[in-house]
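Got the viewer open? Let's take a walk through this one together, one selection at a time.

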Amino acid sequence: MATTCPSARAGDLPAWYGRIVVTENVKQALREFIAERDWAQFHSPENLAKSIAIEAGELLECFQWATDADPGRVREELADVLTYCLLLADRLDVDADAIVLDKLEITRRKYPIDRARGRSTKYDAL
């Protein structure tokens, strides 16, 4: 399902905006995996949010002592973070594509290209 951003004017959005980012195949595969193991009972929003933080810590650990982390391990940890994010979005009945693209539009307004390009300054200090 495509999403629209009501705050954007026609023609202001990149060509990829509105395309499905997270495929239904991925979401369905996750749902089936969870159902087969009867794990939905453990997937409260609180538990899923905790799992996101835990897995994000494991991803960060890949870079703890060196900038050249093992790519395979990084992929595995990133997959874990994304999986828990998608499970939480599904549990909350939130369209992951829509919330990411809507937040991107908000961030786009906070960081206009002419003031933010090449800078890491927070939006309120631009």
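Here is a short tour of confidence and helix packing.

Start by colouring by confidence, since this is a predicted model. The protein chain has a mean pLDDT of 88, and 83% of its residues reach 70 or more. Now pick out residues 1-8: pLDDT stays under 50 there, and the model gives that stretch 19 contacts beyond four places in sequence.

Next, select helix α1, residues 24-37, together with helix α3, residues 71-91. Their axes come within 11 Å and cross at roughly 85°, which makes α1 roughly perpendicular to α3. To see where they touch, show side chains for Val-26, Leu-30, Arg-31 and Ile-34 on α1, then Thr-83, Leu-86, Leu-87 and Asp-90 on α3. That contact is made up of five nonpolar residues, one polar and two charged.

Keep α3 on screen and swap α1 for helix α2, residues 45-61. How far apart are the axes of α2 and α3? They sit 9 Å apart, at an angle of about 165°, so the two helices are roughly antiparallel to each other. Turn the view and you'll find that α2 passes α3 in a left-handed crossing.

Finally, light up the residues where this pair meets. On the α2 side, they include Leu-48, Ile-52, Glu-55 and Leu-59. On the α3 side, look for Val-74, Leu-78, Val-81 and Leu-88, among others. The contact of α2 with α3 divides into 12 nonpolar residues, one polar and seven charged. One residue to click before you leave is Leu-87 of α3: it is among those meeting α1, and also among those meeting α2.

Technical notes:
Residues are numbered from 1 along each chain as its sequence is written. This is a predicted model: local features need pLDDT of at least 70, side-chain atom pairs count only at pLDDT 80 or more; totals for chains, interfaces and linings use all residues. Side-chain values use heavy atoms; hydrogens and water are left out. Axes are lines fitted to C-alpha atoms, for helices over the stretch in contact, and angles run from 0 to 180 degrees between N-to-C directions. Helices (H or I, at least four residues) and strands (E, at least two) are DSSP runs, numbered from the N terminus. Angles under 35 degrees count as roughly parallel, over 145 as roughly antiparallel, 65 to 115 as roughly perpendicular and the rest as oblique. Contact means heavy atoms within 4.5 Å. Ala, Val, Leu, Ile, Met, Phe, Trp, Tyr, Cys and Pro count as nonpolar, Asp, Glu, Lys and Arg as charged, and the others, Gly among them, as polar. pLDDT is the predictor's confidence in each residue, from 0 to 100. A crossing is left-handed if the near helix is turned anticlockwise from the far one by less than a right angle, and right-handed if clockwise.
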